[in-house]
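User: I am new to this structure. Please walk me through how its descriptions are justified.

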Amino acid sequence: MPVIAHAFRRLESRPRGRLAARLAPALLLSGLLAAPAAGQSPRLQVAWVDDQVLGPLVGIEGRTPIGSEPEQPASGPIVMQTRDWMLTGEAAVGVNLNPDDADVEVLLYLHGGVLYRTGSDMLSRVGGVVAAYLPAGVVGPAARVELAGAVDVQAGWLFKRGHGHLHLALDVSTRFLCDLFC
Amino acid sequence: MADRTLLVPGTQATNLADQNGKIVYNAVRVSVGLQKDDLGGRPPSEWQALLSTEHRPGLWAPTKTSLEPGTEVTEHSVVGTPYDRMLSFAEPWPYDWRLDMRYNALKLLRYLERNAPQEGRWNLIAHSQGGIIIVLASKLASRVDDFAHLVGRVVLVGAPLAGTMRATEAILWGSTGLGADQVDAARGMARTWPALYQMMPSWRAVLDKDGNEAPDDQQLVQPGGWPGAWGTGIQDDLLLRTREVQALLHGPMSNFGPSMLARAVLGKKQMSPVTLVRNGNDLPADRNQMASQLGDSLVPAQRTLDWGGTMYANHVLLLTGKPERHAMLCQDEDVVATTKKFLKQKTPPAPASA
């Protein structure tokens, strides 16, 4: 937590970071809302935002299906149609190897958004998120695609002071990585 | 102290290691092809002996956990990929998924007793074979109250309580998981694993050429179900163990007791095999000749509901729409969310200690 507090203080001290600082709590809230309901997945992310961000992060992604569960009938099974839309939230921390200034700086990542269950084994979830990297101060929309339930690929267009920057990220379940390589 | 939550995983979801701690089987690595030429440093020619087991009639414990001279194979860690979103609130319980399920059920019972929360009870989440092990543990407890004293809530996800033709498939034709050129070795080792036999269907899965149910003595849980060369390597003792376990599983929740909450989650989306046709002394040459019903790709939903009866059905959550296939059912957001919600339900008071 001291690392996060430090990063926020740095962000608030920069005029260009104020927009991101205002959006961050909303994104974080979205992540916190999503996290408890459907379990959390520890993640390793490698992120790139043109001229702004390059670095590895570790974090937690959570999801919660949108909609309510049916009640138990008087007799027989509860029959429940899968809820195909879900909220997603993620918070991660890492290092930015490509900051504006020459120093390596702490990197925070937050996203909130929605995913859709495709029913496919390979391309299992697709959706969109609002993503932010702090204190780099880039915020914007990104498409997110999940492959085989363990690997997410994200691409978007993040903004900083009105300028757009291409964004790509690979976000992988650390438990999947551990199964393969530990 | 609060309740504790334990995850009992399914077949293949525990890594197996040799006596030096070297992992000899990791299902995730196998499934992505990283272990195709090497199981714990052994070449393919040694795989069948490495992973085969030996059992003596009348003993639930194995006499050998590997037929490779000087090697013992045991459970190691639980793979995380199929349980990624459940491991944030449940601790995994690894076990050797090849062995007699009653042996593992007793081990689970001992574990629950020795590590019981000082206040509160266990929550048990099970996937696939893990669900059968939990039901067997409840049946093998000395008294109904003994199990209910330990366990407050049970969630069985994709548990093939009535059996699955996927187990038959592995024994009859061999799995292709280790590679198409290793099917014979896979079949050979599978024919030494009691757990696979014990998960064969308890319904009449063998039909005659006219589509009628074949007589009992031609069903797969009987020696007569394996005619001629089809029966090479099939062990009568393991078929007997199968019938014994299937008898124990009837009324799967009857020993949970009134102070426990139980739920069984079944998926109903993917085609799941249910029957095959025997023509004289011939069984089908390949797995594509099985008839299927909707299920989770391994557990046929309606067949399992029919087998379980009303009491079981009253505990079932039947997921339609687009649930994940069997192997990844515990990763399904609806399964995770409903399970977490279920584990928050208030249980009746635990029975007094014996």
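User: Which residue in strand 10 of chain B stands opposite Val206(B)?

Analyst: Leu276(B) stands opposite Val206(B). Keep in mind that this is a predicted model.

User: What makes strand 8 of chain B and strand 10 of chain B a pair?

Analyst: Pairing needs at least two bridges between two strands. Two bridges join strand 8 of chain B to strand 10 of chain B. The requirement is therefore met. These two strands run parallel.

User: How do you know that strand 10 of chain B also pairs with strand 11 of chain B?

Analyst: The same cut-off of at least two bridges applies. Strand 10, residues 270–277, and strand 11 of chain B share five bridges. Their sense is antiparallel. Among the partners, Met271(B) has Leu294(B) as its bridge partner in strand 11. Thr275(B) stands opposite Ala291(B) in that strand.

User: Why is the pairing in the sheet 8-10-11 of chain B called mixed?

Analyst: Strands of a sheet can pair either parallel or antiparallel. Here, strands 8 and 10 of chain B run parallel, while strands 10 and 11 of chain B pair in the antiparallel sense. The open sheet of three strands, in the order 8-10-11, has mixed pairing. Strand 8 (206–207) and strand 11 (291–295) of chain B each have a single partner strand, so they stand at the edges, and one side of each is left without a neighbour in the sheet.

User: Why are helix 3 and helix 4 of chain B called roughly perpendicular?

Analyst: Angles of 65 to 115 degrees count as roughly perpendicular. The axes of helix 3 (residues 101–114) and helix 4 (residues 129–140) of chain B cross at roughly 70 degrees. That value falls in the range, so the two helices are roughly perpendicular to each other. Their axes come within 8 Å, and the crossing is right-handed.

User: Which residues meet there, and how do they divide by class?

Analyst: Leu106(B) and Leu109(B) are among those in helix 3 of chain B, and they meet a group in helix 4 of chain B including Ile133(B) and Leu136(B). The contact has 10 nonpolar, two polar and one charged residues.

User: How many residues of chains A and B are in contact?

Analyst: 31 residues of chain A are in contact with 35 residues of chain B. Helix 3 of chain A gives the most to its side, with five residues. By class, that side has 12 nonpolar, 11 polar and eight charged residues.

User: What makes strand 3 of chain A and strand 12 of chain B a pair?

Analyst: Four bridges join strand 3 of chain A to strand 12 (residues 316–320) of chain B, in the parallel sense. At least two are needed, so the strands pair. Val79(A) stands opposite Leu318(B).

Methods
Residues numbered from 1 in each chain as written. Chains lettered and ligands numbered in written order. Predicted model: local features only at pLDDT ≥ 70, side-chain atom pairs only at ≥ 80, totals over all residues. Contact = placed C-beta atoms within 7 Å. Nonpolar A, V, L, I, M, F, W, Y, C, P; charged D, E, K, R; others polar. Axes fitted to C-alpha atoms, helices over the stretch in contact; angles between N-to-C directions. Parallel < 35°, antiparallel > 145°, perpendicular 65-115°, else oblique. Left-handed = near helix turned anticlockwise from the far one by under 90°.
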